[in-house]
Amino acid sequence: MTQWGSCELGEQGYSPIEILRHFYGDDLYINTAEQISGIPASWPGADLTVGSSGEKVRQIQEQLDTISGIYTAIPPVTPDGIYGPATARSVEVFQSVFGLPETGAVDFATWYKISHIYVGITRIAELS
């Protein structure tokens, strides 16, 4: 918006909402929330494999368990935060069903495919 003069308005002390209202009208408002829930978290930055543990493992287990309720070929998982053989097997079947390399490890591609399917089946991406 610098081409429209928003920089000059900022330099004059206008707040971001005042700048937006300058361009889009006074009835513009910003809605805030204490916490947004149901949005899957980002990939942890390292593959999850047998022996991994923690919240990211629990999150992927919860998502896989939910997915297994719809895609019944995928074995259900108990979300305990420990990446054991049962989680690896569920991941491997998930990867098979969705055309990913069947490694049993949650890499970048598998993490986001699980998140994508989870969002789709739980409908958290839809407005109500």
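How many helices and how many strands are there in the protein chain? We have 5 helices and 0 strands, so let's call that settled and move along. One caveat up front: what you're looking at is a predicted model.

Reading along the sequence, the pattern is just α-α-α-α-α. The protein chain has 128 residues, and 30% of them count as buried. For the surface people, the accessible area comes to about 8,300 Å², with 53% of that belonging to carbon and sulfur atoms. And if you take the contacts with a separation of 6 or more, 44% of them link residues that sit 24 or more positions apart.

Okay, on to α4. This helix runs over residues 85–97. A quick sanity check on its length: with 13 residues at 1.5 Å a residue, α4 should span 18 Å, and its end C-alpha atoms are indeed 18 Å apart, so the two agree. Right after the helix comes G99, and its phi is positive, near 70 degrees.

Which residues of α4 are buried? The list is T87, A88, S90, V91, V93, F94 and Q95. And what do those buried residues pack against? They pack against α3, which is residues 55–68, and against α5.

Let me stay with that second partner for a minute. In general, you describe two packed helices by the angle between their axes and the distance between the axes. Here, α4 and α5, the latter being residues 108–122, pack at about 80 degrees, and their axes are 11 Å apart. Anything from 65 to 115 degrees counts as roughly perpendicular, and α4 and α5 are therefore roughly perpendicular to each other.

Who actually meets whom? From α4 you have V91, F94 and Q95, and on the α5 side they meet T110, K113, I114 and I117. Sorted by class, that contact has 4 nonpolar, 2 polar and 1 charged residues. V91, F94 and Q95 also appear among the buried residues of α4.

Last stop, one more residue in α5: Y112. Is Y112 buried or exposed? Somewhere in between: its relative accessible area is 35%, and the in-between class starts at 20% and ends at 50%, so Y112 counts as partly exposed. Leaving out residues up to four places away in sequence, Y112 touches S42 and W43. There's also A41 in that part of the chain: Y112 and A41 are 71 residues apart in sequence, yet 9.6 Å apart in space, C-alpha to C-alpha.

That's my tour, thanks.

Definitions and conventions:
Residues numbered from 1 in each chain as written. Predicted model: local features only at pLDDT ≥ 70, side-chain atom pairs only at ≥ 80, totals over all residues. Heavy atoms only, no water. Axes fitted to C-alpha atoms, helices over the stretch in contact; angles between N-to-C directions. Helix = DSSP H or I, 4+ residues; strand = E, 2+ residues; numbered from the N terminus. Parallel < 35°, antiparallel > 145°, perpendicular 65-115°, else oblique. Contact = heavy atoms within 4.5 Å. Nonpolar A, V, L, I, M, F, W, Y, C, P; charged D, E, K, R; others polar. Buried < 20%, exposed > 50% of the residue type's maximum accessible area, 1.4 Å probe, protein only. Areas by Shrake-Rupley, 256 points an atom, 1.4 Å probe, with all protein chains shown as cover. Expected span 1.5 Å × (residues − 1).
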